Amino acid sequence: MYFNKRKILIVLTMTVAVLTWAREPKVKTTTVENVYVCGPHETLESGRLNAIQEARLKAIAKEFNSAIFSSSQTSIRGENGIGTENFSNYTVNDVSGEWIETISEEVEPFINNSGLHGFRVKLKGKVREIITNHIDVVWEVLVNGTNPQANRIREGTLIVNDYMYLYFMSPVDGYIAVYLEDNNDAKTTQCLVPYRGMNEGAMKIEANKPYIFFSREDAEPEIKQKVSRIKVSTTRDVDYNQLHIVFSPNQFSKVTDYDSSEPNAVTYDRNGNSIALRPRQTDSKSFHTWLAKTRMKDPDMQYRHEILTIKL
């Protein structure tokens, strides 16, 4: 068989040229300052979280010029059951970058001339350019049921003794890890997925298959005994937890975690029999360090984050 060497050389040259056009997304170190004024009935904790989130969005807009975001407000019961609280959720509609790592964070509270509380935020961190379409994963936090349409969370709010589930589906095969960051004095972060007793670094996900996490009835037969429901609790009138969902088509390993040393780390039934152990956990600083490093190494990684309001 006769090969035209000149044609082969041209094809190889074109292939190399195509490869050189593909580039790594830009990663920039940036600083941003933001002044956030709380609503008349917004708690200080929700205001602080919103101030940080708004500052991150401004940093992305400054570096990549296309952040478009909107806000919506939720009215819930305030501190000690008195009045209402306006809790603002900021959601990104279209953005060409993402916040990857916080290097330093300064949050200073103040009271303006109108008597409203606010926060001056100064952040330094790393933002990464988005140059490809993200994987269109679908997820919903569910309450007291596993129907994605009927049991969606009530405007980001959970009530003590609610049961929480997570609906998730991806158009591609991949791996998932889910964490719950508790706004407690110890600043701990629990690993909810993979389930306790699973040795995988992250849980394998099949494409186009709906998953209901924390539901034993919906779990695969081989892991049913490892699945426990999540019952919401808090010792405060209003509390805030942060749900972190990490998904990638590439395999990755979760952060190193450990068993809780608290005496109530075991859950008991009515007869006093132990039925479940609290999820393994780590401190929030270690979690965010791991998250930043893992996302930096994997541009395909999808990260979703939601603030959950918990009230009595």
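In this predicted model, E106 has K122 of strand β5 as its bridge partner. That pairing is one of the 13 bridges that join β4 to β5 (residues 117-129), two strands that run antiparallel. Within the same register, I111 is matched with H117 of β5. The hairpin of β4 and β5 has 5 residues between the strands, and G115 there takes a positive phi near 85°.

Strand β5 also pairs with β1: 11 bridges join the two, again in antiparallel fashion. On this side, the bridge partner of V27 is R128 in β5. The result is an open sheet of 3 strands in the order β1-β5-β4, with antiparallel pairing. Because β1 (27-37) and β4 (97-111) each have a single partner strand, they stand at the edges, and one side of each is left without a neighbour in the sheet. From one strand to the next, the twist averages 15°.

Two helices lie across this sheet. Helix α2 (residues 44-64) lies across β1, β4 and β5 and runs at about 135° to β1. Helix α3 likewise lies across β1, β4 and β5, running at about 145° to β4.

The aromatic side chains offer a second way through the structure. A pair of aromatic rings is described by the distance of the centres and the angle of the planes. With ring centres required to lie within 6.5 Å, the count comes to 9 aromatic pairs. In one of them, the ring centres of Y211 and F213 are 5.9 Å apart and the planes meet at 10°; the pair is therefore stacked, since planes under 30 degrees apart count as such. Y211 and F213 are both buried.

A further pair, formed by F252 and W290, is tilted, with 6.4 Å from centre to centre and 40° between the planes. F252 lies in the loop between β14 (238-248) and β15 (266-268), whereas W290 belongs to helix α3 (residues 284-297), so the pair ties together parts that are 38 residues apart in sequence. Both of these residues, F252 and W290, are buried. They also belong to a cluster in which ring pairs link Y179, F252, F287 and W290.

Charged side chains are placed over rings as well. The charged end of K204 sits over the ring of Y175, at 5.5 Å from its centre. R229 lies over the face of Y163, 3.7 Å from the ring centre.

Strand β14, which precedes the loop holding F252, contains N241. What is the relative accessible area of N241? The value is 7%, so N241 is buried. Apart from its neighbours within four places in sequence, N241 is in contact with L180, E181, D182 and N183, and also with E306, I307, L308 and I310.

These details belong to a chain with 3 helices and 18 strands. Of its 312 residues, 42% count as buried. Among the contacts in the chain with a separation of 6 or more, 72% are accounted for by residues 24 or more positions apart. The accessible surface of the chain comes to about 17,600 Å², and 50% of that surface belongs to carbon and sulfur atoms.

Notes: Residues are numbered from 1 along each chain as its sequence is written. This is a predicted model: local features need pLDDT of at least 70, side-chain atom pairs count only at pLDDT 80 or more; totals for chains, interfaces and linings use all residues. Side-chain values use heavy atoms; hydrogens and water are left out. Rings of Phe, Tyr and Trp (its six-membered ring) pair if their centres lie within 6.5 Å; planes under 30 degrees apart count as stacked, over 60 as edge-to-face and the rest as tilted. Buried means under 20% relative accessible area, exposed over 50%, partly exposed in between (1.4 Å probe, protein chains only). Helices (H or I, at least four residues) and strands (E, at least two) are DSSP runs, numbered from the N terminus. A charge sits over a ring if NZ of Lys or CZ of Arg is within 6 Å of the ring centre and within 35 degrees of the ring normal. Contact means heavy atoms within 4.5 Å. Two strands pair if DSSP finds at least two bridges between them. Axes are lines fitted to C-alpha atoms, for helices over the stretch in contact, and angles run from 0 to 180 degrees between N-to-C directions. Accessible areas come from the Shrake-Rupley method with a 1.4 Å probe; for residues, only the protein chains shown count as cover.
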